[in-house]
Amino acid sequence: MLVERWRLILALECIMCIYSKPLEQKRRCFFQITESTEHNYRQNKKYTAAGSVSGSVQVCETTDCCVGYYRIINGTPKADVLACDRIEKSCPDETCKAQPRINNQFFTCMCSTDLCNGNITWGKEQTSNPYSYFSDVFMKMAVIVVGILLFMCFCIVAAQWRSCLKKKKKNLQSSSHDYLVQPSCSCQRTKTSEIDISQIELQQIVGRGHFATVFQGTYQGSVVAVKFLPAAYEHNFNTEKEIYELPLLKHTSIVNFLGAGRKPDDKSWFIVLQFAEYGSLHSFLSKQTTSWMFSLKLCQSLSQGLSYLHSDLLSHDLHKPPVAHRDLSSSNVLVRAGGTCALSDFGCSTILRSCSEPYRRHNQNKNMKCIQLGMLHYMAPEILEGFVNLNESMFLMQGDVYALGLLLWEIWMRCSDLFEGGAAPQHLLPYELELGSNLTLESLILYVSYMDKRPCIPEHWELLPQGAALRELLEDCWDSDSEARLTAHSIMERITSLQSSYSL
Ligand SMILES: Nc1ncnc2c1ncn2[C@@H]1O[C@H](COP(=O)(O)OP(=O)(O)OP(=O)(O)O)[C@@H](O)[C@H]1O
């Protein structure tokens, strides 16, 4: 009887052994880091840590993807870096297909079979268009979107039908109540007041962007900013208005929206906003330096604004979905008289909510436009490389956090208390010192993504009491691994603790 039981146990163990083995098998990739990339210590350390290395083979610890970085030398690809990928990404291809990068002199590839990164599938046709990787991604997305379109239509119709039923039920209960929103769905919008342009007294121009011209003006006795968009930019106008109209969007660190309208003569669109006395953060920092406490006030209000924008709130039947800004820059942050920041320009923003597939669709379509027109300086490495999954809200928010890190750096680089004798350097955009004022997408990808470089943190900060905390905070915002970045909320908390620990 005992022998029988032993036999049974042994047989079971054997079966488990056979079936569990393939599951345990980890991806094996070729491993190589050439001399030319050895100076890039941080990047290489991350690739080395992605798995255990034995000779030229690495066994991947956490991912199933092999990566290869190749340089084109005399017309043939030469491997610079071969390794396991550092973080899990989608890599459905079994072979390593070249994706063009910097000026077509540099290619990356990802694949999901053992040792697949040793050979790159490379064709001359791939060199013709530097944006082809983006196009590929968008083609795939288009197919997926079309595939789920029918399903979404069904959902929208069902949601509207449900909302209609609820409305009818409520109307029966109380016909006197004036509903500003439809509480049955999270796709709520507040009613905004349509403003007649004759009610506004326009004064001088205070700013210009890619699309808009912004005037200072007076409306109902208050100083306001009026943002005009040409008639053809209805889509941009609607996107921005849609964000401002979200319930519960009002916050001290988000510019206050007063209303919108259309000029009858030239049919241009306009948005009326609370006026920010110091204009954009960019023009503020260009003109003046700050004290340590003033810089903390700017940073604190800025991170509060982003944390609020990213938050998912439900209060008294009103729902504010999370919003990713997606175009944060010192030109899109305003500074008010009290020395606090307010987020503005939501023309590229994305509402991250489950019942808003139509929003998602048009946001995907405008993504390329935003990538081309947005401030390149602030684009996170994964966005520059095109690795961002637009359906993943976390990715979009992590992109905002990277930009927030650069904004904090910009503010502290103009803080006179952080420099000997109060001599803060003149204001520069991130990477302007290293790559010049007319930096290109290619030079930025090479510097930020491939070389994993960030704006220079002055060495003497290490000697300041708060220096180590500043460095740590900046590095935790702009980490190349987007998932390792802090959330906007935790950045806000860290700045609050800086305020209490190092008040000068
Ligand atoms: N509420 C405001 N108060 C004061 N100045 C403002 C205000 N809103 C905008 N501005 C100024 O106008 C400039 C352009 O505004 P905004 O960024 O909204 O335009 P845009 O065309 O959407 O810009 P972008 O090129 O980033 O798309 C800002 O950088 C700022 O200097």
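These legends accompany close-up views of a predicted model of a protein with its ligand.

**View 1. The residues that surround the ligand.** Welcome to the binding site, where 20 residues lie around the ligand. Those that come nearest are H210, K227, Q274, S331 and D345. Sorted by class, the shell is made up of 9 nonpolar, 7 polar and 4 charged residues.

**View 2. Backbone atoms of H210, S331 and A276 beside the ligand.** Take a look at the main chain here: a backbone N or O atom of H210 is 2.7 Å from an oxygen atom of the ligand. For S331, a backbone N or O atom lies 2.8 Å from a ligand oxygen. At A276 the partner is a nitrogen atom of the ligand, with a backbone N or O atom 3.0 Å away. On its own the ligand would expose 620 Å², and the protein buries 91% of that area.

**View 3. Strands that line the ligand.** Three elements each give two or more residues to the shell: β11 (200–208), β13 (222–229) and β15 (269–274).

**View 4. Confidence along the chain.** The protein has a mean pLDDT of 80, with 72% of its residues at 70 or more. In residues 125–134 the pLDDT is below 50, and this stretch has 25 contacts in the model beyond near neighbours in sequence. Residues 164–185 also stay under 50, and here the model has 20 contacts beyond four places in sequence. A friendly caution: where pLDDT is low, the predicted coordinates should not be read in detail. For the model, the scores are ipTM 0.96 and pTM 0.69.

Note on methods. Residues are numbered from 1 along each chain as its sequence is written. This is a predicted model: local features need pLDDT of at least 70, side-chain atom pairs count only at pLDDT 80 or more; totals for chains, interfaces and linings use all residues. Side-chain values use heavy atoms; hydrogens and water are left out. A residue is near a molecule or strand if one of its heavy atoms lies within 4 Å of it. A polar contact is a pair of N or O atoms within 3.5 Å; within protein, one must be able to donate a hydrogen and the other to accept it, and residues adjacent in sequence count only if both atoms are side-chain atoms. Accessible areas come from the Shrake-Rupley method with a 1.4 Å probe; for residues, only the protein chains shown count as cover. Helices (H or I, at least four residues) and strands (E, at least two) are DSSP runs, numbered from the N terminus. Ala, Val, Leu, Ile, Met, Phe, Trp, Tyr, Cys and Pro count as nonpolar, Asp, Glu, Lys and Arg as charged, and the others, Gly among them, as polar. pLDDT is the predictor's confidence in each residue, from 0 to 100. Contact means heavy atoms within 4.5 Å.
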